[in-house]
Amino acid sequence: MSVSTLAPAPIASPHAHGGNTVSRTMFRVQMALVPATLYGFWLFGWPAFFLWALTILSCLGFEALSLKLMGSTRIKGTLFDGSAMLTGWLLAMTLPPWAPWWVAVVGGFIAIVIGKQVFGGVGQNVFNPAMVARVALLVSFPVPLTLWVAPLPAAGVAGPDFIHGLQVLLGNQSIPDAMTSASLLGYTKTEMTRGVDLAHSLAGNHGALFSWVGTRAGSLGESASLLILAGGIYMLFAGIITWHTPLAVLAGLAIPAAIGHAVDPAHYLSVSAHLLSGAAMLGAFFIATDYVTSPNTGKGQIVFGLGIGLLTWIIRTWGGYPEGMAFAVLLMNALTPVIDRFIKPRILGRDRRGKPLDIPEKQGA
Amino acid sequence: MSDNYGSIMKEGLWGQNVVFAQLLAMCPTMAVTTSGTNGLGMGLATTAVLVVSNILVSAIRHTVSSQVRIPVFVVLIATLVTIVDMAMNAWLHDLYKVLGLFIALIVVNCAILGRAEAFAVKNGVVASAVDGLAMGLGFTGALTVIGLIREFLGAGTLFAQASNLLGPAFAFLEMKVPGYGGALLMILPPGGFAILGFLLAGKRILDQRMEAKAAEAVGCAVHAAT
């Protein structure tokens, strides 16, 4: 059992409870995700909703199963603290909206069992569970995980009704070719390998402007970058996250993108394309800011975020996969203990090196 | 200890299993177990080396001084591995093409020198042979189980190309799950570590249950006696 389960009431004074709980924070993060999720449902129809629901259900199911196997005495409390639900939600945001059911179930298993409970449950995991599942799924099943559908309103096709949506989820119905589409990053990567440079490949309707509106192919979390950004700004003002990580991630991505684009616009995507495509917004505000897997100090979070942004840009530009946010987050998760070792918070009453502060005694006492 | 062949076998196969208890020989375990056939072939080759090296080390244990024993053991093991390597290249060429690199690396397999140091130098020839056989079979079993699970999850087959190793008579072992493409990750190293982790956890649980049962039985016996 983990040592850090709910501590007894604080013994030494003065301590006051801020009133915040794990479930309250998790609930507010989920509220921040609602607009983008609803927008995604409108874009991609019933299959997207079913996949989202099934991903969350399978995460909760595997959480309950793990807790039972470990002989936990407070299964209900842990199950409904919202952490497993948030993991499932975030995972669903990164999956292709029309993926078959087994992607959701396998993803839930990897995220909760291998990504989280094996390390000891909530607060103990080294890697972001949703990203572990995302990467494992992408490496394991490259074809279903890169099969994107065009957004229904833009494609001018009537979306599948309830029953057909279920059939898409069950994988009975193959996605018609007319509806498949590539995300911006995937499209430019494919064109680049064919020798078509950006100036030509982007001449069509794949322009970066589409990103702002959000009617484009992609996962729930990458179509509506603007709504994700709005959710992130809400979390900033609600005090759930601090500015350090998101700003550093976006800066780490934007700065090399700006330099690259300025040097050779035909081979390096523009800053706006980088910031508004793929998981950049979702990663910066919702994934990288995970309390458990990011450094403790503001300075540490800046280093962490810059690393994620830079690695994402490197993978997107020169790597084999079109999107690198998940890989970048996992790599920097692995570095988090190192960052925390070198950038420590100052202890109260001591200087940065840990020596007691030289406070002069009050005279004439 | 050295006279009780039953307990030596039991330790080698389960209690002190090279992979699941001692966590030795992780390099071949991770690298080779992408399929059940590969695991089985590697395990059998290692078993052959292990039995003969244990016998030889045990036989010369009184004539070699302790200062030079390690180089002598390594020369012995290297010779044996070279023989196995050449034999596999000659008679099991298809399997050799898959395992080739790792066969040569049996020389540095810590399990072999480990058994020479931990057992063969202290025990008689027959006991050492039994120990080598038990450890080798335990290693083979572990590699085959990990290989089968990884192969099944990762490629949807079981014992693919088993006839290359065991002869055409064993072609019936080869199975394929229709319509399953496989999760590539399981063939890659992370899948190997994940499977090994789950198997280790399973063995620990089994051991705990057996211990609890044994303790209960002893408790009952004591209770009945008093």
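Is B:Ala25 buried or exposed, and how many C-beta neighbours does B:Ala25 have inside 10 Å? That was my opening query on this model, which is a predicted one. I counted 24 C-beta neighbours inside 10 Å, so B:Ala25 goes down as buried.

**Entry: the loop between helix 1 and helix 2 of chain B**

I placed B:Ala25 in the loop between helix 1 and helix 2 of chain B. Its phi is near 55 degrees, a positive value in a residue other than glycine. I then looked at B:Leu23, which lies in the loop between helix 1 (5-15) and helix 2 (26-32) of chain B. B:Leu23 is not a glycine either, yet I noted a positive phi of about 50 degrees. For burial, I found 12 other C-beta atoms within 10 Å of B:Leu23, so I wrote it down as exposed. The cut-off for exposed is 12 or fewer. B:Ala25, by contrast, is buried.

**Entry: chain B overall**

I listed ten helices and two strands in chain B. Reading from the N terminus, I get the order α-α-α-α-α-α-α-β-α-β-α-α. The C-alpha trace of chain B spans about 60 × 50 × 35 Å along its principal axes. Of the 226 residues in chain B, 39% are buried. I also checked contacts in chain B with a separation of 6 or more: 79% of them join residues 24 or more positions apart.

**Entry: helix 3 of chain B and its partners**

How do helix 3 and helix 4 of chain B cross, and at roughly what angle? I took helix 3 (residues 36-59) and helix 4 (residues 69-91) of chain B, and their axes come within 10 Å and cross at roughly 145 degrees. Helix 3 of chain B passes helix 4 of chain B in a right-handed crossing. From helix 3 of chain B, the contact uses B:Ala45, B:Ala48, B:Val49, B:Val52, B:Ser53, B:Leu56 and B:Val57. Helix 4 of chain B answers with B:Phe73, B:Leu76, B:Ile77, B:Leu80, B:Val81, B:Val84 and B:Met88. By class I have 13 nonpolar residues, one polar and no charged in the contact of helix 3 of chain B with helix 4 of chain B.

A reminder to myself on spacing: an α-helix has 3.6 residues a turn, so residues three or four places apart point the same way.

Next I turned to helix 7 (residues 125-155) of chain B, which packs with helix 3 of chain B at an angle of about 165 degrees, the axes being 8 Å apart. The two helices, 3 and 7 of chain B, are therefore roughly antiparallel to each other. Their crossing is right-handed. The contact of helix 3 of chain B with helix 7 of chain B divides into 16 nonpolar, 15 polar and two charged residues.

**Entry: chain A overall**

I found 18 helices and two strands in chain A. Buried residues make up 47% of its 365 residues. Among contacts in chain A with a separation of 6 or more, 76% are between residues 24 or more positions apart.

**Entry: the cores**

Which residues touch the most other members of the largest nonpolar core? This core has 97 residues, and my answer is A:Leu51, A:Ala92, A:Val132 and A:Val329. Helix 2 (residues 46-69) of chain A gives the largest share of this core, ten residues. I also logged a second, separate core of 50 residues, which includes B:Leu40, B:Ala45, B:Ile106 and B:Leu143.

I followed A:Val329 further. Setting aside neighbours within four places in sequence, A:Val329 is in contact with A:Asn128, A:Met131, A:Gly283, A:Ile287, A:Ala288 and A:Ile308. Two residues of that list led me to helix 16 (residues 280-287) of chain A, where eight of its eight residues are buried. The buried residues of helix 16 of chain A include A:Gly283 and A:Ile287.

**Entry: two spot checks in chain A**

A:Val149 sits in strand 1 (residues 148-149) of chain A. I counted 26 C-beta neighbours inside 10 Å, so A:Val149 is buried. Its C-alpha atom is separated by 9.8 Å from that of A:Ala99, 50 residues apart along the chain.

A:Gln124 is in the loop between helix 5 (101-114) and helix 6 (129-140) of chain A. With 14 C-beta neighbours inside 10 Å, A:Gln124 counts as partly exposed. The C-alpha atoms of A:Gln124 and A:Thr293 are separated by 8.8 Å, though the residues are 169 apart along the chain.

**Entry: where the chains meet**

Last, I looked at the contact that takes five residues from chain B and five residues from chain A. On the side of chain B that touches chain A, I sorted the residues into five nonpolar, no polar and no charged.

Notes:
Residues numbered from 1 in each chain as written. Chains lettered and ligands numbered in written order. Predicted model: local features only at pLDDT ≥ 70, side-chain atom pairs only at ≥ 80, totals over all residues. Contact = placed C-beta atoms within 7 Å. Nonpolar A, V, L, I, M, F, W, Y, C, P; charged D, E, K, R; others polar. Core = buried A, V, L, I, M, F, W, Y, C linked by C-beta atoms within 7 Å. Buried ≥ 20, exposed ≤ 12 C-beta atoms within 10 Å, placed from the backbone. Helix = DSSP H or I, 4+ residues; strand = E, 2+ residues; numbered from the N terminus. Axes fitted to C-alpha atoms, helices over the stretch in contact; angles between N-to-C directions. Left-handed = near helix turned anticlockwise from the far one by under 90°. Parallel < 35°, antiparallel > 145°, perpendicular 65-115°, else oblique.
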